[in-house]
Structure formats: C-alpha cells, structure tokens
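Hi everyone, thanks for making room for me today. I'd like to walk you through one structure, starting from the inside and working outwards. Here it is on the screen.

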Amino acid sequence: MVLELLAQGGNAIKHILLRKCNDVLQGGRFPRDWSELIFVMMPKSGDLRDAQNWRSVAILDVVCTMFAKMVHKRLLPYLDPQSSDEQMGFQTACGVDEALMALECMTGAWLEWHLPLWVPTVDLRKAFDTL
C-alpha cells in the first residue's frame, strides 16, 4: 500500500516526502516508526525442522529505506576518495566480483610458478546465520 501510494501519489506525495526528509535532516532525529524492524523467518532448503534451515530477514519501513539510500548517494562522492583500494566491496567501481577476479588471476600465477599461496577466507554461512 505504501509503495503504491509513493508510486502513484504524484507531486503532492513527493513534496510531503521531501518535507519529511528535510525535517529529519535538519532536526537530527529519526521518526520512531522508522527505527522499528519486523523480523520474519524465511525457510531455506532442507529439513525445515532443523533451525539452521531458516533465515531471519528484517523488514524495514519503505520511507526509511528511501531516505537511507538518498543520504548514502549524497555521501558517496565524499566517502569514495577516503576509502582505501583494499576495501573492494565498499567502493563504487570496484566490488566483490573484481576482488574474486584478482584472486583467481593471482592463484593461477602462483600455481604456474609453484609458489606457496596463503588465502584467508571467511565462512559467510557462520558469519551471517547467527543471532
């Protein structure tokens, strides 16, 4: 319902939304309902009687999500030059795919020259499937 109202509301809704966002920026306070989350359990695959086969998903307020994306887009030109080249997942033009490609190229070269190679890894399943 909220998405439809935002999509079909025209200029009147845009002006109300703009006023609300400006109030938040100038006042420095988030509306209380923007900070409320609803957690829903989504099934993964496998035996659903096993707790590890469920994932918790947080549902955020739509207007809060839009506001966060607008602020992020405005801050990005200032943050990108400050970040180091090693933070590939957090830069605009250099994401995780580029990091994996670089790792693949390095691994091939190390194997070709018979050099030892140490690669630290993160178990993403354990990193993100805990409460």
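Let's begin at cysteine 21: leaving aside residues up to four places away in sequence, this side of the fold brings cysteine 21 into contact with Phe67 and Met70. Please keep in mind that we are looking at a predicted model. Is cysteine 21 buried or exposed? Its relative accessible area is 5%, so cysteine 21 counts as buried, the limit being under 20%.

Cysteine 21 also belongs to a bigger group. The largest nonpolar core is made up of seven residues, and besides Cys21 these are Leu17, Val24, Trp34, Val63, Cys64 and Phe67. Two helices, α2 (10–27) and α3 (62–79), each give at least two residues to this core. As a general point, nonpolar side chains in soluble globular proteins tend to be buried together.

Now, with two cysteines in that list, some of you will be wondering about disulfides. How many are there? The count is zero. For cysteine 21, the nearest cysteine sulfur is that of cysteine 64, at 9.6 Å. A disulfide needs the two sulfur atoms within 2.5 Å, so cysteine 21 is in none.

Let's stay with helix α3 a moment, but turn to lysine 73, which is found there. With 64% relative accessibility, lysine 73 is exposed, because the cut-off for that is over 50%. Lysine 73 and threonine 92 are 19 residues apart along the chain, and 11 Å separates their C-alpha atoms.

On to charges. Which residues form a salt bridge? The side chains of aspartate 47 and arginine 49 do, with 3.1 Å from N to O, and the count of salt bridges stands at one. How open are the two partners? Aspartate 47 has 39% relative accessibility and is therefore partly exposed, whereas arginine 49, at 75%, counts as exposed.

Finally, the nonpolar residues at the surface. Val96, Leu100, Leu103, Met106, Leu117 and Val119 form a patch there, and together they have about 470 Å² of accessible area. One of them, valine 119, sits in the loop between α4 (96–112) and α5 (124–128). Why is valine 119 called partly exposed? Its relative accessible area is 38%, which falls between the limits of 20% and 50%.

So, to recap: a nonpolar core of seven residues, one salt bridge, zero disulfides and a nonpolar patch on the surface. Thanks for listening, and I'm happy to go back to any view you'd like.

Terms used
Residues are numbered from 1 along each chain as its sequence is written. This is a predicted model: local features need pLDDT of at least 70, side-chain atom pairs count only at pLDDT 80 or more; totals for chains, interfaces and linings use all residues. Side-chain values use heavy atoms; hydrogens and water are left out. A salt bridge is a side-chain nitrogen of Lys or Arg within 4 Å of a carboxyl oxygen of Asp or Glu. Buried means under 20% relative accessible area, exposed over 50%, partly exposed in between (1.4 Å probe, protein chains only). Patches are made of residues with over 30% relative accessible area and no salt bridge: like charges are joined within 9 Å, nonpolar side chains (Val, Leu, Ile, Met, Phe, Trp, Tyr) within 5 Å. Accessible areas come from the Shrake-Rupley method with a 1.4 Å probe; for residues, only the protein chains shown count as cover. Helices (H or I, at least four residues) and strands (E, at least two) are DSSP runs, numbered from the N terminus. A nonpolar core is a set of buried Ala, Val, Leu, Ile, Met, Phe, Trp, Tyr and Cys residues joined through side-chain atoms within 4.5 Å. Contact means heavy atoms within 4.5 Å.
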